[in-house]
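Q: I'm new to reading protein models and would like a close look at a single part. Could you walk me through one helix and what surrounds it?

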Amino acid sequence: MFSTTNKKVSFILMLIAVFYLILSFNLPAYAYVPVDSDMVPIGLGFILFALAVALFFTKDQEPNEADKIPKKELPVVLGVVAFIILYIFLLEIIGFIVMTVLFLFLCSLFLGYRKHIVNGIVSLTMPILIYLLFDSFLQVQLPTGILPF
């Protein structure tokens with residue numbers, strides 16, 4: 001049954017998806033909101049499960065040299081993973097807007113993007129637009145952190 005790597009990984013992803021869906025269905029419901037807080041997690045859980053099922057039925061391919069990460073790129077990959085972990089850890093403490101601006105700007109800078117004005121504009125506008133979309137239209141509260149609103 002689990003003769004290929006794709007099948008092994010897909011089975012693990014299916015278990016994660018089921019566990020994630022169980023947790024998502026147990027989120028508390030809020031009255032007087034048009035879109036409840038569990039909609040996105042439940043949708044993501046079903047998408048993960050569907051993709052895991054699709055992975056189960058795909059054929060394994062032999063990895064070639066182009067698919068492997070070169071050893072000199074490993075510090076860059078680990079640096080981005082560290083940025084992501086730091087972002088997740090500080091998101092609720094500092095807040096969505098501030099942490100996302102810092103994450104986008106510093107991660108882009110770390111990856112070598114040197115147009116600082118463009119980087120700053122994108123790093124500022126995208127989190128603000130996403131925050132307004134979630135707050136105003138979807139009525140989903142994102143962590144405000146140190147900001148007063």
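A: Happy to! Let's warm up with the length of a helix, keeping in mind that this is a predicted model. Helix 4 covers residues 96-110, and its 15 residues should span 21 Å at 1.5 Å a residue; the end C-alpha atoms are 20 Å apart, so the model agrees with that expectation. Several residues of helix 4 are buried, namely Phe-96, Ile-97, Met-99, Thr-100, Val-101 and Cys-107. What covers them includes helix 3 (74-94) and helix 5. After helix 4 comes Gly-112, which has a positive phi near 105 degrees.

Now you can try the same reading on helix 2, residues 39-56. Helix 2 has 18 residues and reaches 26 Å from its first C-alpha to its last, close to the 26 Å expected at 1.5 Å a residue. Its buried residues are Pro-41, Ile-42, Gly-45, Ala-52 and Phe-56. They cover an arc of only 100 degrees around the axis, which means that they sit on the same side of helix 2. A general rule helps here: an α-helix has 3.6 residues a turn, so residues three or four places apart point the same way.

What do the buried residues of helix 2 pack against? Their partner is helix 1. A good residue to look at from the other side is Ser-10, which is found in helix 1. Ser-10 has a relative accessible area of 0%, so it counts as buried. Leaving aside its neighbours within four places in sequence, Ser-10 is in contact with Ala-52, Leu-55 and Phe-56. Two of these names should be familiar, as Ala-52 and Phe-56 are among the buried residues of helix 2.

Helix 1 and helix 2 also meet in another part of the story: each supplies at least two residues of the lining of the largest pocket. That pocket has a volume of about 460 Å³. Its lining is made of 18 residues, and Tyr-30, Asp-36, Ser-37, Val-140 and Gln-141 lie nearest its centre. By type, the lining residues divide into 13 nonpolar, 4 polar and 1 charged.

For a contrast with Ser-10, turn to Leu-132, which is found in helix 5 (residues 116-137). Leu-132 counts as partly exposed because its relative accessibility is 42%, and partly exposed lies between the limits of 20% and 50%. Leu-142 is 10 residues away from Leu-132 along the chain, and their C-alpha atoms are separated by 9.8 Å.

Terms used:
Residues are numbered from 1 along each chain as its sequence is written. This is a predicted model: local features need pLDDT of at least 70, side-chain atom pairs count only at pLDDT 80 or more; totals for chains, interfaces and linings use all residues. Side-chain values use heavy atoms; hydrogens and water are left out. On a 1 Å grid over the protein atoms alone, a cavity is a set of points where a 1.4 Å probe fits but cannot get out, and a pocket is an open set with protein on both sides within 12 Å along at least five of seven lines; lining residues have an atom within 4 Å of a point. Grid points are joined across faces, edges and corners, and a volume is the space filled by probe spheres set on the points. Helices (H or I, at least four residues) and strands (E, at least two) are DSSP runs, numbered from the N terminus. Ala, Val, Leu, Ile, Met, Phe, Trp, Tyr, Cys and Pro count as nonpolar, Asp, Glu, Lys and Arg as charged, and the others, Gly among them, as polar. Buried means under 20% relative accessible area, exposed over 50%, partly exposed in between (1.4 Å probe, protein chains only). The expected span of a helix is 1.5 Å times one less than its number of residues. The arc is that of the directions from the helix axis to the C-beta atoms. Contact means heavy atoms within 4.5 Å.
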